[in-house]
Amino acid sequence: MNTRRTLRLLVLLAVAFGALLVAVFVWRPEAPDSDEPQPTLGEEYGIAFDDITKAVVEYADPTMPDITIVRESGGWRLAAPVDAPALESGAQDLLRVLDRNIRERIGPTREEYGFGAPTVSLTVEYAGQTKRFLFGNKGVSYSLYAKEEQDDEALLMQAWVLDEVMRTPAELRDRSVM
């Protein structure tokens, strides 16, 4: 190679390297708008824990009995599958899913989200209204598909919120009163 060709090649490599440095250190894409925290499920639908009068949890798993808890003047009562006083902390644990942030709104529902036969459904009665939430299949990155039954759009939540609604009657029952 002659000196002129080598010099051109070095200049071309220097320009390419300079462009790479500019791309890496100077040019920064704008941060996505998703940095704003999403509301909780309860905030999104205007549900406050203190307004809830009844909650029904239905499981797709036939080994898990469906659970109904009702707020009475003296606290929470387990109405189904057995009639017994319920722990306040148990009711809070069961309904804590309403205090969990929505990760992302993902648009119209699809069959693969699992809402046709949801893993768990949670029906909440509050302030004279009723809302039914469906929790479908688990998605990627530890996510869970969720939606309000009447809503056409699906939501992504953390998959571990499913553990909060997967309660047995024994976990909710107040054993101090027999």
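F25 is exposed, with 58% of its relative area accessible; here exposed means over 50% relative accessible area, buried under 20%, and partly exposed in between, with a 1.4 Å probe and protein chains only as cover. This residue sits in helix α1, which covers residues 3-26. Helices (H or I, at least four residues) and strands (E, at least two) are DSSP runs, numbered from the N terminus.

Before going further, a word on the model: it is predicted, so local features need pLDDT of at least 70 and side-chain atom pairs count only at pLDDT 80 or more, while totals for chains, interfaces and linings use all residues. Residues are numbered from 1 along each chain as its sequence is written, and side-chain values use heavy atoms, with hydrogens and water left out.

## A nonpolar patch on the surface

F25 has company. Together with F17, L20, L21, V22, V24 and V26, F25 forms a nonpolar surface patch with about 680 Å² of accessible area in total. Patches are built from residues with over 30% relative accessible area and no salt bridge, joining nonpolar side chains (Val, Leu, Ile, Met, Phe, Trp, Tyr) within 5 Å and like charges within 9 Å. The areas come from the Shrake-Rupley method with a 1.4 Å probe, and for residues only the protein chains shown count as cover.

## The cores

Now to the interior. The largest nonpolar core has 34 residues, and L41, I47, I52, I69, L98, L122 and F135 are those with the most contacts inside it. Apart from it lies another core, of 6 residues, including Y113, F115, L134 and Y145. A nonpolar core is a set of buried Ala, Val, Leu, Ile, Met, Phe, Trp, Tyr and Cys residues joined through side-chain atoms within 4.5 Å.

I69 is worth a closer look. Not counting residues up to four places away in sequence, I69 touches T53, K54, A55, W76, R77, L78, A79, A91, L94, L95 and L172, where contact means heavy atoms within 4.5 Å.

One of those partners, W76, is found in strand β3 (residues 75-80). W76 counts as buried because its relative accessible area is 4%. Beyond four places in sequence, the contacts of W76 include F49, I52, T53, I69, P85 and A91. The W76 side chain also makes a polar contact with the side chain of E88, at 3.5 Å. A polar contact is a pair of N or O atoms within 3.5 Å; within protein, one must be able to donate a hydrogen and the other to accept it, and residues adjacent in sequence count only if both atoms are side-chain atoms. By contrast, W76 and L9 are 79 Å apart, C-alpha to C-alpha, with their positions 67 residues apart in sequence.

## Strand β8

Y145, named above in the core of 6 residues, is found in strand β8. Y145 is buried at a relative accessible area of 16%. Leaving aside neighbours within four places in sequence, Y145 is in contact with residues including I106, Y113, F115, L134, F135 and L156. The C-alpha atoms of Y145 and I67 are separated by 21 Å, and the two residues are 78 apart along the chain.

S143 is also in strand β8, which spans residues 143-148. At 2% relative accessibility, S143 is buried. With residues up to four places away left out, S143 touches R103, K138, L156, M157 and A159.

## Salt bridges

Side chains of opposite charge can pair when their charged atoms come close. A salt bridge here is a side-chain nitrogen of Lys or Arg within 4 Å of a carboxyl oxygen of Asp or Glu, and the count comes to 5 salt bridges. Three pairs are listed below.

| Acidic residue | Basic residue | N to O distance |
|---|---|---|
| D83 | R77 | 2.9 Å |
| E164 | R100 | 2.7 Å |
| E112 | R110 | 3.7 Å |

The pair E164 and R100 links distant parts of the chain, 64 residues apart: E164 in helix α4, R100 in the loop between α3 (88-95) and β5 (104-108). Helix α4 covers residues 161-165. E164 is buried at 8% relative accessibility, whereas R100 is partly exposed at 22%. Apart from neighbours within four places in sequence, E164 is in contact with D93, L94, R96, V97 and R100.

In the other pairs, D83 is exposed at 56% and R77 is partly exposed at 24%. E112 is partly exposed, with a relative accessible area of 47%, and R110 counts as exposed at 51%. Finally, E58, R132 and E149 are linked in a network of salt bridges.
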